[in-house]
Amino acid sequence: MLGTFNRTLRAALKQAQPQLLSGFRSSQLSWRHMMQIRACAAGSATFQTLEDCLVLNYGGTPMRLNYLWLRDHCRSPSSYNSGTNQRDLDTASIDLNIRPDHTTVQDGHLVLTWPGGHVSKYGLSWLAENSYEAKQQSTVQPRVLWNSDIYKNANAPSAKWDTFMSSDEEVKTFLQNYLLYGIAFVDDVPATVEATEAVTQRVSLIRETTYGRMWSFTSDFSRGDSAYSQLALDRHTDTSYFQEPCGIQVFHCLRHEGTGGRTLLVDGFYAAEKVRQQSPESFELLARVPIRHEYIETSDNHQNHMTGIGPVLNVYPWNNEMSLIRYNNYDRSVINTIPHDLVQRWYVAHRELTAELRRPENELWVKLTPGKVIFIDNWRVMHGRESFTGLRQLCGCYLTRDDVLSSARCFGLQA
Ligand SMILES: [Fe+2]
């Protein structure tokens, strides 16, 4: 599909601006003929200065480094404030055709001298870590994708209330599990809203929504949402109707006098990876076509109309790693963002994903009991529940994703 898109784009550009494409081809030819190739060996690093980039061979993978990018990423004191970790250089002041006058490798650094005499030094390991080629080959967040057996066999430990509230090391272990599996538990939490709030604040900030900061509800239909009923709920992600869905969901069942009500958890990334393997075109369609989710509430006390627009699957384009799944058949709105010839194919792709999500072996069922608090990555793991009888009181909240990931990074975890 990407190929089709690119062909379409090129055709459109050709029609509108024939000189643009022909100019592009001739400039491509010219730099291929004109490129200077200079090679220099220094320790384990070699480089070539081409017309449009510097090719650095270090650590096994050739890196193609754009000259403008190199000047923009200069870490000298006049260009970058290492105290605040902020750029001081005005990027707009750089000549778009800048090239270094002199290039060398010294003492583990690439050293460039620019026109006018400014010298930039880049650690070779810094370049190797921060190049596009490195990011293509690495994951942003390491994860263990799971079905029910994989998760159970992993024996990921639950944190315990007492140590969780007093030990940063316990919070770090908890966050590591959370990052890997997209779910994590804290046990032995007092069955109160206040204790639930306290345990979440060990991790991050609470994200206030129309449902409040901390919410606590029973099946009293107090809000215009099916969550406030006793009905079974199919697997879904929450707040898909936000432009940025809530990152983390916290649940704590404070009380249940009745039957049923188990919580269903499904790793959406595991299911989506199956679709990618079996039907790459369907995966790509789900990753490229934006659709709308919507929440309309018109009760006496609450008036809401929210919409969120985005594809079912979000994928980082540089390494094809999934970052977010938006899947909520309840809240999916009118599909009017897809031309008619794609609608049938989109439904087929959506059905393939749904079939994977509904495989019994992919379903993890847990009984939430008083004391057990679950944290769910709402960008990855879906939740649902079976129907129940009797009084069931649930409390919880959403957490701001940025702050959870920030906490994890401050512990030295990759996120
Ligand atoms: Fe939900």
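**Exercise 1. Work out the strand order of the open S7-S8-S9 sheet, and say which strands stand at its edges.**

Solution. Start with the sheet itself: three strands make an open sheet, ordered S7-S8-S9, and their pairing is antiparallel. Next, look at the edges. Strand S7 (102-106) and strand S9 (119-123) each have a single partner strand, so each has one side without a neighbour in the sheet. On average, neighbouring strands here are turned by 20° against each other, direction ignored. Keep in mind that you're looking at a predicted model.

Now zoom in on one pairing. S7 and strand S8 (residues 109-113) are joined in the antiparallel sense over five bridges. One pair to find on screen is His102 with its bridge partner in S8, Thr113.

**Exercise 2. Take Thr103: is it buried, partly exposed or exposed, and which residues does it touch?**

Solution. First, place the residue: Thr103 sits in strand S7. Then count its surroundings. There are 18 C-beta neighbours inside 10 Å, and buried would take 20 or more while exposed would take 12 or fewer, so Thr103 comes out as partly exposed.

Finally, list the contacts. Leaving out residues up to four places away in sequence, Thr103 touches Phe47, Thr49, Leu54 and Leu112. Phe47 makes a nice example of a long-range partner: Thr103 and Phe47 are 56 residues apart in sequence, with 8.9 Å from C-alpha to C-alpha.

**Exercise 3. Asn85 and Asp107 both have a positive phi; find out where each one sits and whether it is buried or exposed.**

Solution. Begin with Asn85. Its phi is positive, about 55°, although this residue is not a glycine. Asn85 belongs to the loop between strand S5 (80-81) and strand S6 (86-87). Its count is 7 C-beta neighbours inside 10 Å, so Asn85 is classed as exposed.

Asp107 is handled likewise. Here phi is about 50°, again positive in a residue that is not a glycine. You'll find Asp107 in the loop between S7 and S8. With 10 C-beta neighbours inside 10 Å, Asp107 is classed as exposed.

**Exercise 4. Decide whether Asn329 is buried or exposed, then name the residues it touches.**

Solution. Asn329 is in the loop between strand S20 (322-325) and helix H12 (340-357). Its neighbour count is 12 C-beta atoms inside 10 Å; since 12 or fewer means exposed, Asn329 is exposed.

Being exposed doesn't rule out contacts: residues up to four places away in sequence aside, Asn329 touches Asp234 and His236. The C-alpha atoms of Asn329 and Asp234 are 8.5 Å apart, while the two residues are 95 apart along the chain.

**Exercise 5. Which strands pair with S24, and how many bridges does each pairing have?**

Solution. Get a feel for S24 first. This strand spans residues 391-399 and is mostly covered, with seven of its nine residues buried.

Then go through the partners one by one:

- Strand S12 (residues 206-207) runs antiparallel to S24, and two bridges join them. Arg207 stands opposite Tyr398 of S24.
- Strand S13 (residues 215-217) is also antiparallel to S24, with three bridges. Phe217 has Leu394 in S24 as its bridge partner.
- Strand S15 (residues 248-257) pairs with S24 over nine bridges, in the antiparallel sense. Cys253 has Leu394 in S24 as its bridge partner.

Did you spot Leu394 turning up twice? It is the S24 partner of both Phe217 and Cys253.

**Exercise 6. Describe how helices H10 and H11 cross, and say which residues meet.**

Solution. What should you look up? Two packed helices are described by the angle between their axes and the distance between the axes. For H10 and H11, the axes come within 5 Å and cross at roughly 130°. An angle over 145 degrees would count as roughly antiparallel and 65 to 115 as roughly perpendicular, so H10 and H11 are oblique to each other.

Now for the residues. Ala272, Val275 and Arg276 of H10 meet Pro280, Ser282 and Phe283 of H11. Sorted by class, this contact has four nonpolar, one polar and one charged residues.

To finish, see what else H11 packs on. Helix H11 (residues 280-288) has Phe283, Leu285, Leu286 and Ala287 as its buried residues. These pack against helix H10 (268-278), strand S19 (313-315) and H12.

How values were computed
Residues numbered from 1 in each chain as written. Predicted model: local features only at pLDDT ≥ 70, side-chain atom pairs only at ≥ 80, totals over all residues. Helix = DSSP H or I, 4+ residues; strand = E, 2+ residues; numbered from the N terminus. Pairing = 2+ DSSP bridges. Axes fitted to C-alpha atoms, helices over the stretch in contact; angles between N-to-C directions. Contact = placed C-beta atoms within 7 Å. Parallel < 35°, antiparallel > 145°, perpendicular 65-115°, else oblique. Nonpolar A, V, L, I, M, F, W, Y, C, P; charged D, E, K, R; others polar.
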